[in-house]
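Visitor: I'd like a close look at one part of this model, the strands in the early stretch of one chain. Could you walk me through it slowly?

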Number of protein chains: 2
Amino acid sequence: MKQYLTIDEWSIIEEGFRPEYNRISESVFSLGNGRMGQRANFEETYTGETLQGNYVAGVYYPDKTRVGWWKNGYPEYFAKVLNAANWIGIDVTIDGETLDLHHCQVLEFRRELNMREGWLERTFTAQLPSGKQVRVVAKRFTSIVDDEVGAIKYCLTPLNFSGNITFTPFVDVDVMNADSNYDEKFWNEVQKEAQGLEGYVTAETKKTAFHVCTGQKIKVTLDGEEVAVDATTTETSKYVASTFTVAANQDQDLIVYKIAANLSSENHPKEQLLANTKQVIAEAYAKGFQQLLLEQIDAWAAKWEESDIVIEGDAAAQQGIRFNIFQLNQTYTGEDERLNIGPKGFTGEKYGGSTYWDTEAYCLPFYLATADQQVARNLLVYRYKHLQKAIENAEKLGFTNGAALYPMVTINGEECHNEWEITFEEIHRNGAIAHAIYDYIRYTGDDAYLAEYGVEVLVGISRFWAQRVNWSAAKNQYVMLGVTGPNEYENNVNNNWYTSTIATWTLEYTLKALKHVQETNPSRYQELVGVMNLDVAKETEQWQHVIDHMFYAEDKDLGIFLQQDGFLDKEQTLVKDLPAEDRPLNQKWSWDRILRSVFIKQADVLQGIYLFEDRYDLETIRRNYDFYEPRTVHESSLSPCVHSILAAKLGDEERAYEFYLRTARLDLDDYNNDTEDGCHTTSMAGTWMSVVQGFGGMRVRDNQLHFNPFIPAGWSSYSFKIRFRGHLLNVKVNKEGVVIENQHIQPLSLTIFDQPQTIEANGKVQLAHQVA
Amino acid sequence: MKQYLTIDEWSIIEEGFRPEYNRISESVFSLGNGRMGQRANFEETYTGETLQGNYVAGVYYPDKTRVGWWKNGYPEYFAKVLNAANWIGIDVTIDGETLDLHHCQVLEFRRELNMREGWLERTFTAQLPSGKQVRVVAKRFTSIVDDEVGAIKYCLTPLNFSGNITFTPFVDVDVMNADSNYDEKFWNEVQKEAQGLEGYVTAETKKTAFHVCTGQKIKVTLDGEEVAVDATTTETSKYVASTFTVAANQDQDLIVYKIAANLSSENHPKEQLLANTKQVIAEAYAKGFQQLLLEQIDAWAAKWEESDIVIEGDAAAQQGIRFNIFQLNQTYTGEDERLNIGPKGFTGEKYGGSTYWDTEAYCLPFYLATADQQVARNLLVYRYKHLQKAIENAEKLGFTNGAALYPMVTINGEECHNEWEITFEEIHRNGAIAHAIYDYIRYTGDDAYLAEYGVEVLVGISRFWAQRVNWSAAKNQYVMLGVTGPNEYENNVNNNWYTSTIATWTLEYTLKALKHVQETNPSRYQELVGVMNLDVAKETEQWQHVIDHMFYAEDKDLGIFLQQDGFLDKEQTLVKDLPAEDRPLNQKWSWDRILRSVFIKQADVLQGIYLFEDRYDLETIRRNYDFYEPRTVHESSLSPCVHSILAAKLGDEERAYEFYLRTARLDLDDYNNDTEDGCHTTSMAGTWMSVVQGFGGMRVRDNQLHFNPFIPAGWSSYSFKIRFRGHLLNVKVNKEGVVIENQHIQPLSLTIFDQPQTIEANGKVQLAHQVA
């Protein structure tokens with residue numbers, strides 16, 4: 001844990017230069033716009049510790065799998081969102097001396113990520129080895145208005161000398177991925193050109209043959225007046241640059257404006273890529289940095305209008321939650337159904353930048369509530385488009401008849417993960433993908449989605465579950481053998497309660513969905529039966545048989561669901577009894593010891609209770625919570641939010657707030673000591689859930705919103721915006737009670753504190769907290 | 001399965017050149033002498049498919065671990081017996097044209113591995129692209145008399161021309177390991193020299209700094225007369241060669257004798273390595289090829305005198321069993337307690353050439369019965385010397401107080417394996433190491449071994465077991481969670497019956513062993529208690545508590561021991577119902593499917609019943625055998641022998657023979673399609689066990705040998721030699737009965753067909769088969 005960032009409600013601020021934390025800051029201060037992303041690397045040369053990261057959404061490389069001992073069924077490659085062109089680079093020399101903060105005395109240093117307006121600014125004063133001092137203010141952003149454009153304003157002022165300043169803005173695709181399995185470079189050059197202050201490189205990914213064209217165009221001013229410079233161009237392998245020198249007097253502001261663009265063949269014909277890039281750059285250049293910035297500020301204001309959470313009385317919490325919302329909005333805009341949300345977003349390479357079940361289980365609720373419903377729908381369609389690959393994936397594992405197993409990690413629908421206990425056994429992800437369809441329809445009411453796309457996915461997943469269970473003659477019930485639940489500190493267990501529960505839930509929901517389509521859209525139903533080659537009578541009967549005869553591990557004496565068979569055979573020690581030096585277990589204990597222990601990495605039974613809470617009475621929830629919480633080490637960033645929401649539901653407001661705190665500033669405070677690899681982007685959605693579903697008690701039941709809010713003791717108020725079926729609500733909770741505004745021209749019926757309420761169009765309702 | 005080798009009782013013979021099988025033949029025709037080993041690579045250049053393999057016992061390289069996803073506790077390296085100097089090389093050119101069978105028309109080709117005399121001969125007639133024909137007879141051996149020496153006689157005859165034949169005998173240490181994790185070369189050059197017909201290279205292994213000096217000295221004859229040749233020497237990186245040309249007339253026999261030696265710093269001071277190598281070569285050279293060969297033949301005759309099995313009426317079986325015995329004797333001589341038996345011996349790189357539990361579970365009985373007891377004792381001392389490393393290994397996994405976990409794979413006592421379900425969980429290996437002590441003492445009567453070395457190992461292992469179990473409040477018994485049994489087609493299971501059984505057996509035996517030492521050697525006992533820091537009362541009481549309260553999975557209805565908790569929840573299909581195209585499962589099914597299935601890779605419960613057979617009545621053994629055998633796919637070469645022995649015990653002679661056949665010719669017929677990687681050396685000891693313990697029914701109980709033989713239907717007789725406590729017995733079984741000769745000057749009491757018998761000194765006893 002490191003607390004070196006300044007608390008501020010709207011900005012992330014670093015005061016003073018900390019090279020030892022540079023990689024952490026590079027992650028935290030990352031910029032993105034859903035289409036491209038950029039770690040907070042320096043524009044000028046920096047030979048100190050750094051992890052270069054420039055990413056273009058959807059462009060990946062299938063990196064040959066690295067494995068110790070090959071297991072049958074492993075995928076051939078891991079598809080990685082790869083490090084792309086460095087488009088921010090501006091090398092600087094001063095009278096021939098390279099500006100490199102690693103070799104300077106840094107007299108002043110400040111970084112600010114302005115989240116309200118969506119830009120990054122770095123200000124420093126550096127003394128070079130020669131004694132010359134310069135001041136630099138470098139400001140940049142990735143435009144959310146034109147998501148192929150990035151813009152930089154690099155202002156340099158000689159402080160104690162007059163001299164020749166040489167700039168070399170460049171585009172460099174000769175980059176590596178730090179996590180390349182075999183130390184290969186992933187890009188080949190296609191084309192490049194440089195002329196004057198303009199330059200372009202088109203590169204192609206090996207194997208996948210994506211083309212990306214990256215360009216730059218430069219403008220230079222001295223004390224506000226444009227300077228005509230005479231640039232020398234350089235072209236080397238996958239690299240173009242324009243070098244020019246300006247004589248600047250002491251205290252003159254010398255500004256290099258760099259307009260850059262990344263265009264990919266995912267969105268442009270390859271043969272027009274260069275021309276289109278030139279056009280995009282020309283248009284952005286014509287607007288100029290300042291105009292682009294103003295548009296950026298406006299666009300971010302609109303985003304915040306819909307997704308902000310305001311916390312009064314706790315600036316650290318305010319900063320934390322805004323940072324989470326900001327990063328989520330930087331990562332995924334929902335405009336392109338081919339894209340998804342990698343666990344690190346555009347802030348690092350780890351986990352390959354690929355899609356995990358995090359999307360369905362954690363991110364979907366955020367986008368459902370804060371964006372147009374098309375955004376969440378696109379997340380579902382993404383999986384629909386991968387259905388055939390999921391069927392092929394299941395076939396590789398021996399399943400038949402259209403059974404679908406969605407991959408643990410994917411970019412293009414193919415499985416990338418290669419750890420048998422996860423790849424083959426952590427199959428509950430399949431349930432989350434089914435549940436996301438339910439969640440989406442519950443929230444939006446868009447049940448036409450079932451006929452259009454949903455049912456096919458549900459049937460594929462149900463076929464998988466029906467084949468994945470087997471009849472135990474010993475138990476006279478179906479069992480689910482050899483699985484890994486959400487708690488990855490158990491592998492290859494039998495009858496994981498969560499997995500079995502979500503499996504039969506899927507079967508039930510699929511039966512309902514089929515019936516719904518049959519009743520509401522009979523012709524489409526017939527079409528679907530044909531497309532899916534569904535033997536309706538036989539298959540649905542078998543599914544019902546599984547539903548009716550499934551075994552669920554439980555302990556009647558304790559009144560709890562059992563995480564898996566034999567869980568009570570473990571030594572029943574508690575987290576509170578663990579010596580501090582043994583934590584985190586995943587760094588201190590050998591893997592077998594973790595597996596044998598009772599300790600739970602992340603919510604598992606409780607994840608199921610969270611998803612299906614309406615099935616269980618409060619006492620059942622409490623017994624399970626009281627049993628599992630003390631055994632949970634929360635060594636996944638996805639865990640505390642679920643515990644927070646359940647604690648809130650059980651009235652334990654203090655614990656609910658405690659769990660919330662563990663994730664809200666996870667990256668800002670480098671809580672897990674790993675932010676240098678990138679931010680925990682998907683778990684940021686869990687933080688949002690803690691506030692809205694936990695503190696706000698928001699649920700959707702029977703086509704209505706329900707709120708059951710409380711306020712954490714240290715806060716004076718908090719408020720959040722919610723989109724719901726065309727309505728925009730502002731929910732504000734303070735010490736007295738809750739005020740909900742309906743920013744819509746239709747009245748809205750909803751339930752607050754378990755009481756039905758109607759809020760008039762553009763009206764509001766105000767209720768006092770209930771006395772327990 | 002490939003049956004291309006000629007059946008012969010004493011030789012392995014390949015007639016005709018089959019480049020596509022060359023790698024298989026290179027494994028099968030391997031030579032070794034316990035100190036060095038050599039695949040059957042060609043002397044002259046060969047650019048076709050080949051796996052070069054030259055190995056020097058005890059010289060290894062710690063190859064950096066390669067892994068997909070790192071788990072806490074994994075070792076940093078895998079210690080591999082590495083490919084060492086090529087000492088056999090003799091490049092040949094004929095009037096400037098390279099002799100390379102890959103580019104010749106091979107008119108005749110024959111390879112013979114003469115097992116009776118211990119040499120390899122390759123005879124071929126080749127027509128070069130120019131049309132020139134030569135005949136070559138290349139004979140070589142690795143001496144078991146001087147185990148640092150190898151000798152080659154390479155005879156070339158021009159058949160249809162007279163011309164200049166150029167030879168370049170060389171020593172080359174610039175070699176690679178095919179299974180290097182990161183494609184590195186493992187040797188650095190220390191020194192080299194070449195002069196005339198002599199040359200030496202000393203090389204050092206990276207990291208481990210072993211030095212090996214390899215030398216050659218050449219003699220040339222033409223039609224039997226020594227030829228004085230004028231040699232040019234070549235020295236390049238890690239390589240020396242002497243090149244000379246001889247003018248030979250048609251039909252003249254031109255012979256190159258190459259005397260080579262490998263001396264390692266394991267056996268010589270580094271500073272004397274070169275001088276000693278020169279001396280070893282000089283002495284061998286002085287003796288000459290023919291004299292060395294005669295000594296070799298005599299020495300092998302003596303080996304066979306003690307370890308042969310003679311089968312009459314089945315030449316294929318005869319060849320198979322002799323091949324197994326020959327390879328075992330080539331791999332391990334038992335003279336050096338630092339050495340052990342790698343799963344592939346000196347025939348390939350796979351599995352790193354390291355020590356597995358195969359040694360204790362399969363190889364020990366062979367060496368106990370066919371060699372001086374010092375040989376088996378050295379195998380035990382090897383583990384004793386690794387005790388401290390085993391304690392450190394257990395400490396890494398969280399164990400304390402001198403608990404010892406022997407590694408799954410090792411050369412120097414440190415764990416090398418990196419697959420958590422094996423490395424951390426396949427802990428039954430610890431039991432095999434304890435049981436080997438029992439087995440050794442049972443066979444030899446050398447119970448003084450306990451006080452000297454045995455007890456310390458037993459206490460270390462018992463401490464491990466006592467910490468590895470945990471008390472299950474649910475069962476009110478001790479349980480053993482998260483293990484992998486011998487059946488590696490199950491991972492991370494609870495209460496594997498075999499593991500739990502051998503664990504408590506170890507505790508019981510350790511208690512007995514401590515008591516024995518206390519009674520027979522009280523001063524040493526006191527010393528040991530101090531050395532081991534043993535809290536006698538507390539620790540032995542705890543062990544007894546575990547013995548008394550251990551949970552063993554079983555099914556009372558079926559009357560069987562359960563391989564693990566929940567085994568009967570699996571779908572109970574049988575091997576006979578598997579489609580042929582699904583076999584072998586490990587190549588056809590994904591790993592999770594194998595894990596969920598009922599199918600058993602190798603004897604597991606039955607392994608325990610085999611080890612502890614005297615605990616169980618015949619009906620219990622039969623019920624377990626009848627349950628587990630039909631579920632066993634025998635996809636480990638170590639499996640059929642155990643089933644063979646149990647089938648024999650249960651009177652199922654036909655199945656016993658069937659299982660025997662599966663391993664006896666495993667490599668000769670490339671049964672598993674993987675002999676190209678090397679032979680299955682350790683499982684060869686299992687084949688021997690099938691004959692001696694299975695067909696011969698040999699056991700040791702109460703310090704006596706027991707025999708209960710039968711004869712497979714197709715054989716007319718078989719006989720084997722057994723060493724037992726100073727006696728040498730010859731056991732011959734034919735259709736009528738059994739004849740046992742006592743080749744010793746003391747009488748021997750033993751039990752045959754459950755009847756006590758005494759055989760006089762140098763006498764014999766003859767008994768008819770019992771009528772069932």
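In particular, which strand does β11(A) pair with in the antiparallel sense over nine bridges?

Guide: That partner is β12, residues 149-158 of chain A. Keep in mind that this is a predicted model, so we're reading a computed fold here.

Let's stay with that pair for a moment. β11(A) and β12(A) form a hairpin, and six residues sit between the two strands. For a landmark, find A:Arg135: its bridge partner in β12(A) is A:Thr157.

Now look to the other side of the story. β11, which covers residues 133-142 of chain A, is also joined to β10, residues 119-127 of chain A, by eight bridges, and those two run antiparallel. A:Arg135 is handy again, since A:Thr125 stands opposite A:Arg135 in β11(A). So A:Arg135 is matched with A:Thr125 in one pairing and with A:Thr157 in the other. β10(A) and β11(A) make a hairpin too, with five residues between the strands. In that hairpin A:Gly131 takes a positive phi near 100 degrees. As a general reminder, strands of a sheet pair through backbone hydrogen bonds, either parallel or antiparallel.

Where does this sit in the annotation? An unreviewed UniProt entry lists residues 13-265 of chain A as "domain: Glycoside hydrolase family 65 N-terminal". Over that range, chain A is 55% strand and 3% helix. The C-alpha atoms at the two ends of the range are 36 Å apart.

Other strands of chain A are worth a stop. Four of them form an open sheet in the order β3-β4-β5-β6, with antiparallel pairing. The edge strands are β3 (31-32) and β6 (77-83), each pairing on one side only. Moving inward from β6(A), you meet β5, residues 54-64 of chain A, and the two pair in the antiparallel sense over six bridges. To spot the register, pick out A:Tyr60, which stands opposite A:Val81 in β6(A).

There's also an open sheet of five strands in chain A, ordered β8-β7-β13-β19-β18 and again antiparallel. Here β8 (97-98) and β18 (232-236) of chain A stand at the edges with a single partner strand each, so one side of each has no neighbour in the sheet. Within this sheet, β7 (residues 90-94) and β13 (residues 163-172) of chain A run antiparallel and are joined by five bridges. A:Val92 is your marker there, standing opposite A:Phe167 in β13(A).

For a change from strands, scroll along chain A to a helix pair. α4 (residues 315-331) packs with α20 (residues 681-695) of chain A at an angle of about 130 degrees, and their axes are 9 Å apart. The two helices are therefore oblique to each other, and their crossing is left-handed. Among the residues making the contact are A:Ile321, A:Ile325 and A:Leu328 of α4(A), along with A:Met684, A:Trp688 and A:Val691 of α20(A). By type, the contact has seven nonpolar residues, five polar and no charged.

Last stop, the other chain. In chain B, 43 residues are in contact with 43 residues of chain A. On the side of chain B that touches chain A, β22 (470-472), α14 (585-588) and α15 (591-596) of chain B each supply at least two residues. α15(B) gives the most, with five. That side of chain B divides into 14 nonpolar, 16 polar and 13 charged residues.

Note on methods
Residues are numbered from 1 along each chain as its sequence is written. Chains are lettered from A and ligands numbered from 1 in the order in which they are written. This is a predicted model: local features need pLDDT of at least 70, side-chain atom pairs count only at pLDDT 80 or more; totals for chains, interfaces and linings use all residues. Two residues are in contact if their C-beta atoms, placed from the backbone, lie within 7 Å. Helices (H or I, at least four residues) and strands (E, at least two) are DSSP runs, numbered from the N terminus. Ala, Val, Leu, Ile, Met, Phe, Trp, Tyr, Cys and Pro count as nonpolar, Asp, Glu, Lys and Arg as charged, and the others, Gly among them, as polar. Two strands pair if DSSP finds at least two bridges between them. UniProt positions are given in the numbering used here, feature names are shortened, and annotations may be inferred rather than shown by experiment. Axes are lines fitted to C-alpha atoms, for helices over the stretch in contact, and angles run from 0 to 180 degrees between N-to-C directions. Angles under 35 degrees count as roughly parallel, over 145 as roughly antiparallel, 65 to 115 as roughly perpendicular and the rest as oblique. A crossing is left-handed if the near helix is turned anticlockwise from the far one by less than a right angle, and right-handed if clockwise.
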